[in-house]
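Look at the chain below and trace its fold. What sits at its centre, and how are its strands arranged? The report that follows takes one region at a time.

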Amino acid sequence: GARLDEDLLAGLNEPQREAVTYRGPALLIVAGAGSGKTSVLTRRIASLLRAREAWPSQILAITFTNKAAGEMRERVRGLIGDVAQGMWISTFHSACVRILRREAEQFGFTKNFTIYDSGDSRALIKRLVKEHEADAFGLTPASVQGRISKLKNELADAESFARSANLSDPAERVFAELFADYQRALQRANAFDFDDLIGQTVYLFRAFPHVADVYRRRFRHILVDEYQDTNHAQYALIHELTRPPGDGGTLLDETEPASLTVVGDSDQSIYAFRGADIRNITEFERDYPGAKVVLLEQNYRSTQTILDAANAVIGNNFDRKDKKLWTDVGLGDPIIGFTGYSQHDEAQFVADEVEALRRRGIPYSEMAVFYRTNSQSRALEEIFIRAAVPYKIMGGTKFYDRAEIKDALAYLIAVANPADELSVRRILNRPRRGIGDVTETAIARYAQEEGITFRDALANVSALGVGPKIQQAIAQLDAVLAEATAIMLPASGEVAAPTSVTAGLTVLLNKSGYLDALRRSKDPQDEARVENLDELVAVTREFARGNPEGTVLDFLTEVALVSDADDLDDASGTVSLMTMHTAKGLEYDAVFVTGVEEDLIPHRISAGEPGGPQEERRLFYVALTRARKKLHVSLAMTRAQFGEVSAAMPSRFLQEIPHALIDWRQSPGDVNSRGGMKSRALNGRPSTGSGTGAGGGWSGGSRYGDDLVPLPKRERPAGDLTKFANRIPAKVRDNGDLELAPGDRIRHDDFGEGRVDMVTGEGAKRVAHVRFDTAGPKKLLIKIAPISKL
Ligand code: ATP
Ligand code: MG
């Protein structure tokens, strides 16, 4: 009723209210960043439940990350209390796992299937590429994996591919064979890869309409956040679920199709490279005729200055409907810009600003630093550690990619899904038991001859024809697996103890000798490995607390679905570091967008691809619109990547932000001109002069002790950048072919006198390693450093 809804609608603007209260078969909410799309979705769920229009179990809400799902669940709970229990709020992948666990037996899998992450499937593909000698056709594991993934996102399988491919081309034929073999191997291992989770669910629904009907009747309300980033397979899944359920032949059944609500922003579509199709949103009205469309334009997240910058940037994409975000919170502070000499200099600026903001009352947890590529986090981490700024890398936690963690999980999988040969083979000789390739092959052959699994073959050592020592080793492994199986998967009728995963894992790690081997090792790395395994055991305990009835399968599922933005523990009390992709949907009081340089954003690889620069611009737009109050953009004049230092150019996107919006602490011009142009001249606004400017210009006099002077870029990209480049004075010191040799004494304009230790590099990139009498060791680019020989 009306009164019930009052608090749910409190504070919402008119279109938001409409989006919460509209009832009908299909609703599309299109809106820019921070306009309340996710909030509206949450309130819509609460409103359906509150009005008793739906049971919790009739709701399926899809979010982009598990973390977002958890937050949405919490918010619904906050709005209406604990009834939120039975709802499915999850990612596409988790929802499909739940469906497949129930239904896998319909099509040749069992419910204890394992999920191959991209590392697992890469390992499998690598083996197949080798077996097929496919590298002779230019097929690499990476390219094969990428192509299979792309095909699966388009719902193509090995057979349909083989039908449509040009098989007279030998490379195509080999690829088709690889694809088919890969699929067979997955099936044999009772495993799905990530793309299969979605694709096979669609297949299941299409092949078994009675199964699909169960879910069509169950889910009466389907809501999808970030719809602009769905790929074709995900689109098809939603389409299957929103078909009218079959009438069971009675004609009496008039169950309506589920109602569908999707929210999205085509300006934030950033996953085209993973097959996301922006058309899913632009063609929604065609696919769901009569759909209601609601537009939200008021932004509640950011200041007008931040929105003006974001609007201006995204306005350069030509294939979009123009929409302008606005807010009534006012202009707010200017965006702060900074150009460092190097990425360390830039990182130091970030660390300094973070501390300054914290002193002004913004907690660490309300600050985030974004970058385009994972490798950029290293310089930030180094400086943050030195400056004692607590931070946490979101998504980059490669905890589950560590070899020892993978080993431990392989032990668990060997118990939970013995058909998964990859895992059983992985642990066969870890720790070292003297089981080599010959024995492994013998086991595989025996399994094949007997038509049993690799795991079961282990139980039959005497038939393998191997020596007594190896027999004993295999028998011991078999016994450990059996003991853990009894703990984690008790005979039917019995229930596993809540602590079974912890207990089972402990048995596996101890009795297999795995932990002992690490403890005995003299390799200091192995000590860290023991700690990591302790951490994994702690994760199982944590899991048991949250899921008292959780089985080893549930645990493995959770681990497999940890995605980029999800994390083991929360980031409270720490600054969050993440890629721009991971930042989607999040918001922070203060945001640092770093590495705003050509080749990074837009990224070198996508800049040359059709649609690439536009997608990169959307990514940059996503990054800017995460900020509530304080936005920083920064770049470095030189960047070390892949062991090479090269000059960087300001990103064309930086140029697209109206200059008056940015307050340059140190502008690209400052860095390049020796005492020349100041930021005042650049944007018509006096610089606040925070003291971070090095003053000495490009000579390497950064107060951050950064020790490599920048190399000015010779060829500048044409087009957009000319205006920007014009502001970078061409006058640069040129020492020509100044000869320097170890032992030479030199004088540097800022560092004084020193002695050359070593000269490396060639031509314009020759670097002098100089030990200055007072300034200490520095590396200088000989061609441009302000130095003279004494
Ligand atoms: P994105 O495109 O980044 O995913 P979004 O459109 O999903 O953003 P939300 O995250 O739902 O936006 O909302 C952005 C912020 O605005 C949140 O902090 C939310 O609480 C707040 N907000 C949304 N609607 C209102 C409102 N009517 N009044 C006050 N605050 C609001
Ligand atoms: Mg959102």
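## A well-connected leucine

Leu-556 touches Thr-114, Leu-409, Leu-412, Ile-413 and Ala-416, leaving out residues up to four places away in sequence. Here, two residues are in contact if their C-beta atoms, placed from the backbone, lie within 7 Å. Leu-556 belongs to helix 26, residues 552–560. Leu-556 counts as buried because 21 C-beta neighbours lie inside 10 Å. The cut-offs are these: a residue is buried with 20 or more other C-beta atoms within 10 Å of its own, exposed with 12 or fewer, and partly exposed in between, with C-beta atoms placed from the backbone. Phe-384 is 172 residues from Leu-556 along the chain, and their C-alpha atoms are separated by 33 Å.

## About the model

This is a predicted model, in which local features need pLDDT of at least 70, side-chain atom pairs count only at pLDDT 80 or more, and totals for chains, interfaces and linings use all residues. Residues are numbered from 1 along each chain as its sequence is written, while chains are lettered from A and ligands numbered from 1 in the order in which they are written.

## The whole chain

The protein chain has 32 helices and 22 strands. These are DSSP runs, numbered from the N terminus: helices are H or I with at least four residues, and strands are E with at least two. Of its 790 residues, 46% count as buried. Take the contacts in the protein chain with a separation of 6 or more: residues 24 or more positions apart account for 73% of them.

## Two nonpolar cores

A nonpolar core is a set of buried Ala, Val, Leu, Ile, Met, Phe, Trp, Tyr and Cys residues joined through C-beta atoms within 7 Å. The largest one holds 127 residues, and Ile-29, Leu-412 and Leu-556 touch the most other members. Helix 18, residues 403–416, gives this core its largest share, 9 residues. Another core, of 68 residues, lies apart from it; among its members are Leu-307, Ala-309, Tyr-621 and Ala-636.

## A parallel sheet

Seven strands build an open sheet with parallel pairing, in the order 11-12-10-13-14-9-17. Its edge strands are strand 11 (391–393) and strand 17 (662–666), and each pairs on one side only. From one strand to the next, the twist averages 25°. Two strands pair if DSSP finds at least two bridges between them. Strand 9 (residues 335–340) runs parallel to strand 17, and 4 bridges join them. Gly-337 has Trp-664 in strand 17 as its bridge partner.

Strand 12 pairs with strand 10 in the parallel sense over 4 bridges. There, Val-369 stands opposite Leu-577 of strand 12. Strand 12 also pairs with strand 11 in the parallel sense, over 3 bridges. Ser-576 in strand 12 is the bridge partner of Lys-392. In strand 12, 5 of the 5 residues are buried, so the strand is largely enclosed by the rest of the structure. Side chains in a regular strand alternate between the two faces of the sheet. In strand 12, Val-575, Leu-577 and Thr-579 point one way, Ser-576 and Met-578 point the other way, and all are buried.

## The helix on the sheet

Helix 16 (residues 343–359) packs on the sheet and touches strand 9, strand 10 (367–371), strand 12 (575–579), strand 13 (588–593) and strand 14 (627–636). Its direction makes about 160° with that of strand 14. For such angles, axes are lines fitted to C-alpha atoms, for helices over the stretch in contact, and angles run from 0 to 180 degrees between N-to-C directions.

Helix 16 is mostly covered, with 12 of its 17 residues buried. Among them are His-344, Phe-349, Val-354 and Leu-357. At 1.5 Å a residue, its 17 residues should span 24 Å, and its end C-alpha atoms are 24 Å apart, which agrees. The expected span is 1.5 Å times one less than the number of residues. Just after helix 16, Gly-361 takes a positive phi of about 105°.

## Backbone details in the loops

The peptide bond from Arg-430 to Pro-431 is cis, with omega near 0°. Pro-431 lies in the loop between helix 19 (421–428) and helix 20 (437–450). The bond from Ile-601 to Pro-602 is also cis, with omega near 5°. Pro-602 lies in the loop between strand 13 and helix 27 (604–607).

Asp-599 lies in the loop between strand 13 and helix 27. Asp-599 is not a glycine, yet has a positive phi of about 80°.
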